[in-house]
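Biologist: Hey, can we go through this one together? I'd like to start with the ligand and then look at the pockets.

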Amino acid sequence: MSTIQVQDEQGVRIITINRPEKRNALSLEMYTSLTEYLIQGESDNAIHAFLIKGQADCFTSGNDVTDFLTNSNLDAEHPAFRFLFSLLDLTKPIVAAVTGAAVGIGTTLLLHCDLVYAAPSAKFQLPFINLALVPEAGASLLLPQLVGLQKASELLLLGESFNAETAKSLNIINEQISDDMIFEYSLSKAIKLAGQPPQALQATRALLRPNKELVRAQMEMELKEFEIRLKSDEAKMRFQAFLKK
Ligand SMILES: C/C=C/C(=O)SCCNC(=O)CCNC(=O)[C@H](O)C(C)(C)COP(=O)(O)OP(=O)(O)OC[C@H]1O[C@@H](n2cnc3c(N)ncnc32)[C@H](O)[C@@H]1OP(=O)(O)O
């Protein structure tokens, strides 16, 4: 079974992260597949929106920590960062359905989505500091803009997990939807987006994101710092401690 599954339905490209035995940790190959499915969907005239989801009990536990240890050379062509830059450059809207763990990039990717729904089982976390890393995906710019500097500092400097109710109060998600209904509900919203006039939809989306180039510049700065941190002894110790657990 593929670790990234794709299915097109009524103008929506549904992308499912599927590596349950590792809590949907994203390997380099998985990032590459995600990017390819996004880029293909972007150029496919039959696709008008994306839906990203995991399994009922896990969205994604973020980057595969093993890859942090074995692959510490980063540039914009690194699969994780290619994925993030491809998210930034999408012109078609993205819906996310969050169930269970949404850790690291599992939370930061949501900052690039247009509609985010989360179930009561959702557990968000930005644990970069706990791993001796720094944020990515432009989160160091997008998060303070969304939730305010004090709250963003709390989430990024303490690295504690938070639930869907908190995520809703911070506007990180649109709505909390029951675990039973979340995939159906999120798909119905994605289908609704896909039925909107496509050019106006994309133009509206672009207007809602006037600081795209600023976000890109921030992502480039984060990438440089992330690479330095990734190679540090303090980070390597944290990765090894997690994997030994
Ligand atoms: C550029 C991007 C940056 C980032 O995304 S930074 C964030 C990196 N991610 C993390 O630090 C999260 C690490 N994972 C966790 O904290 C926990 O897991 C969860 C809270 C997500 C789930 O906890 P529980 O339900 O108790 O599961 P379990 O026993 O910890 O994990 C089950 C198996 O999955 C492997 N695993 C989980 N997450 C990752 C990961 N991110 N990278 C590699 N492996 C992972 C474990 O090791 C274990 O494996 P085995 O069964 O073989 O012992």
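Biologist: So how many residues surround the ligand, and which are the closest?
Modeller: There are 19 residues around the ligand, and the closest are Lys22, Arg23, Ser61, Asn63 and Val65. Keep in mind that this is a predicted model.

Biologist: Okay, noted. What does Lys22 do with its side chain there, distance-wise?
Modeller: One polar side-chain atom of Lys22 sits 2.7 Å from an oxygen atom of the ligand. Val65 comes in with its backbone instead: a polar backbone atom there is 2.8 Å from a nitrogen atom of the ligand.

Biologist: And which atom of the ligand does Ile105 meet?
Modeller: An oxygen atom, 3.0 Å from a polar backbone atom of Ile105.

Biologist: How much of the ligand does the protein cover?
Modeller: On its own, the ligand has 990 Å² of accessible area, and the protein covers 70% of that.

Biologist: What's the mix of residue classes in that shell?
Modeller: The shell around the ligand has 10 nonpolar, 4 polar and 5 charged residues. Helix 2 and strand 6 each supply at least two residues of this shell.

Biologist: Switching to pockets now. Which pocket is the ligand's space?
Modeller: The ligand takes up the largest pocket. That pocket has a volume of about 880 Å³. It is lined by 39 residues, and Ser61, Asn63, Val65, Val103 and Phe242 are the closest to its centre.

Biologist: Which element gives the most to that lining?
Modeller: Helix 2, with 4 residues. Other elements giving two or more residues include helix 1 (28-43), strand 8 (123-125) and helix 11 (233-244).

Biologist: And the classes for the lining of the largest pocket, how do they divide?
Modeller: They split into 19 nonpolar, 10 polar and 10 charged.

Biologist: What about the second largest pocket, what's its volume?
Modeller: About 630 Å³. Its lining has 26 residues, with Leu111, His112, Cys113, Leu208 and Arg209 nearest the centre.

Biologist: Which helices give two or more residues to that lining?
Modeller: Helix 3, helix 5 (139-147), helix 9 (198-208) and helix 10. The largest share comes from helix 9, which gives 4 residues.

Biologist: Last one: how many of the residues lining the second largest pocket are nonpolar, polar and charged?
Modeller: That lining has 15 nonpolar, 7 polar and 4 charged residues.

Technical notes. Residues are numbered from 1 along each chain as its sequence is written. This is a predicted model: local features need pLDDT of at least 70, side-chain atom pairs count only at pLDDT 80 or more; totals for chains, interfaces and linings use all residues. Side-chain values use heavy atoms; hydrogens and water are left out. On a 1 Å grid over the protein atoms alone, a cavity is a set of points where a 1.4 Å probe fits but cannot get out, and a pocket is an open set with protein on both sides within 12 Å along at least five of seven lines; lining residues have an atom within 4 Å of a point. Grid points are joined across faces, edges and corners, and a volume is the space filled by probe spheres set on the points. Ala, Val, Leu, Ile, Met, Phe, Trp, Tyr, Cys and Pro count as nonpolar, Asp, Glu, Lys and Arg as charged, and the others, Gly among them, as polar. A residue is near a molecule or strand if one of its heavy atoms lies within 4 Å of it. A polar contact is a pair of N or O atoms within 3.5 Å; within protein, one must be able to donate a hydrogen and the other to accept it, and residues adjacent in sequence count only if both atoms are side-chain atoms. Accessible areas come from the Shrake-Rupley method with a 1.4 Å probe; for residues, only the protein chains shown count as cover. A molecule sits in a cavity or pocket if more than half of its atoms lie within 2 Å of its grid points.
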